[in-house]
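Notebook open, structure loaded. I want to go through the fold, the charges and the odd backbone angles in turn.

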Amino acid sequence: MAGESSSLATSSGARKPTTDAATSARMSQQRRANTAPELALRRELHRAGLRYFVDRAPIKGQRRRADVVFPRLRIAVYVDGCFWHRCPEHATDPKNNAQWWADKLAGNVARDRATDTALTEAGWLVVRVWEHEDPHAAAERIGSLVRARLPG
């Protein structure tokens, strides 16, 4: 039918709920990389004289990519969206398909923690920045961590 999308199976086998066309169109516009908070943070890091890689897997072969990576210093920075990563201050619970969304968002958080653990065990420092954080303050915090890891 026009205006409806069908229910599809996800990679976990769970059925993705039926979503109206307007919501589906809006969600498809969500960026995975180069979001406004990421760009603002990167501008501040660059202004502070820091150089880094963008949208890169810290560990070869790992599918989970960091937003900003300092490979020689083993620092991985993630800019997390308040909705998608369940910010303690700004997380919201969708009313439609509530259980599906609760499971989906809990899975995102679990994946974040697993990523943090894997990187930490591999000797990386993981920095999480919420999208609502002041980019200048976040860049200063990251800059301090970078300077602390510089040799000599």
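**Entry 1: ground rules and layout.** Before listing elements I fixed the terms: helices (H or I, at least four residues) and strands (E, at least two) are DSSP runs, numbered from the N terminus. This is a predicted model, so I kept to its filters: local features need pLDDT of at least 70, side-chain atom pairs count only at pLDDT 80 or more, and totals for chains, interfaces and linings use all residues. Residues are numbered from 1 along each chain as its sequence is written, and side-chain values use heavy atoms, with hydrogens and water left out.

I read off the order of elements from the N terminus as α-α-β-β-β-α-β-α. That comes to four helices and four strands.

Next I looked up burial, where buried means under 20% relative accessible area, exposed over 50%, and partly exposed in between (1.4 Å probe, protein chains only). The areas themselves come from the Shrake-Rupley method with a 1.4 Å probe, and for residues only the protein chains shown count as cover. Of the 152 residues, 32% count as buried.

**Entry 2: helix α3.** I checked the span of α3 (residues 98-121). The helix has 24 residues and reaches 35 Å from its first C-alpha to its last, close to the 34 Å expected at 1.5 Å a residue. The expected span is 1.5 Å times one less than the number of residues.

Which residues of α3 are buried? I found Trp100, Trp101, Leu105, Asn108, Asp112, Thr115, Asp116 and Leu119. Several of the gaps in that list made me recall the rule that an α-helix has 3.6 residues a turn, so residues three or four places apart point the same way.

I then followed Thr115, which is buried at a relative accessible area of 3%. Thr115 and Gln62 are 53 residues apart in sequence, yet 9.5 Å apart in space, C-alpha to C-alpha. I also paired Thr115 with Val126: 11 residues apart in sequence, 9.0 Å apart in space by C-alpha. Val126 sits in strand β4 and counts as buried at 19% relative accessibility.

**Entry 3: salt bridges.** My criterion was a side-chain nitrogen of Lys or Arg within 4 Å of a carboxyl oxygen of Asp or Glu. How many salt bridges does the structure hold? I noted nine.

I started with Arg42 and Glu38, whose closest N and O atoms are 4.0 Å apart. The two are four residues apart in helix α2 (residues 36-47), so about one helical turn separates them. Arg42 counts as buried at 14% relative accessibility, and Glu38 also counts as buried, at 5%.

Then I turned to Arg128. Its bridge with Asp80 has closest N and O atoms 3.2 Å apart. This pair links distant parts of the chain, with Asp80 in strand β3 (residues 75-80) and Arg128 in strand β4 (residues 125-130), 48 residues apart. Asp80 counts as buried at 4% relative accessibility, and Arg128 is buried at 17%.

Arg128 also bridges to Asp116, where the closest N and O atoms are 2.8 Å apart. Asp116 lies in helix α3 and Arg128 in strand β4, so the pair ties together parts that are 12 residues apart in sequence. Asp116 is buried, as is Arg128. Stepping outward, I logged a network of salt bridges that links Asp80, Asp112, Arg113, Asp116 and Arg128.

**Entry 4: positive phi.** I kept in mind that most residues other than glycine have a negative phi, and most peptide bonds are trans. Asp55 has a positive phi near 50° despite being a residue other than glycine, and its place is in strand β1 (residues 53-56). Arg86, again not glycine, has phi near 65°. I placed Arg86 in the loop between β3 and α3, partly exposed with a relative accessible area of 26%. Just after α3, Gly123 takes a positive phi of about 90°.

**Entry 5: surface charge.** Last lookup: where is charge gathered on the surface? I found a patch of positive charge made by Arg63, Arg64, Lys104 and Arg111. Patches are made of residues with over 30% relative accessible area and no salt bridge; like charges are joined within 9 Å, and nonpolar side chains (Val, Leu, Ile, Met, Phe, Trp, Tyr) within 5 Å. Lys and Arg count as positive and Asp and Glu as negative, while His and the chain ends are not counted. I took the place of a charge as NZ of Lys, CZ of Arg, CG of Asp or CD of Glu. Lys104 lies in α3 and is partly exposed at 33%.
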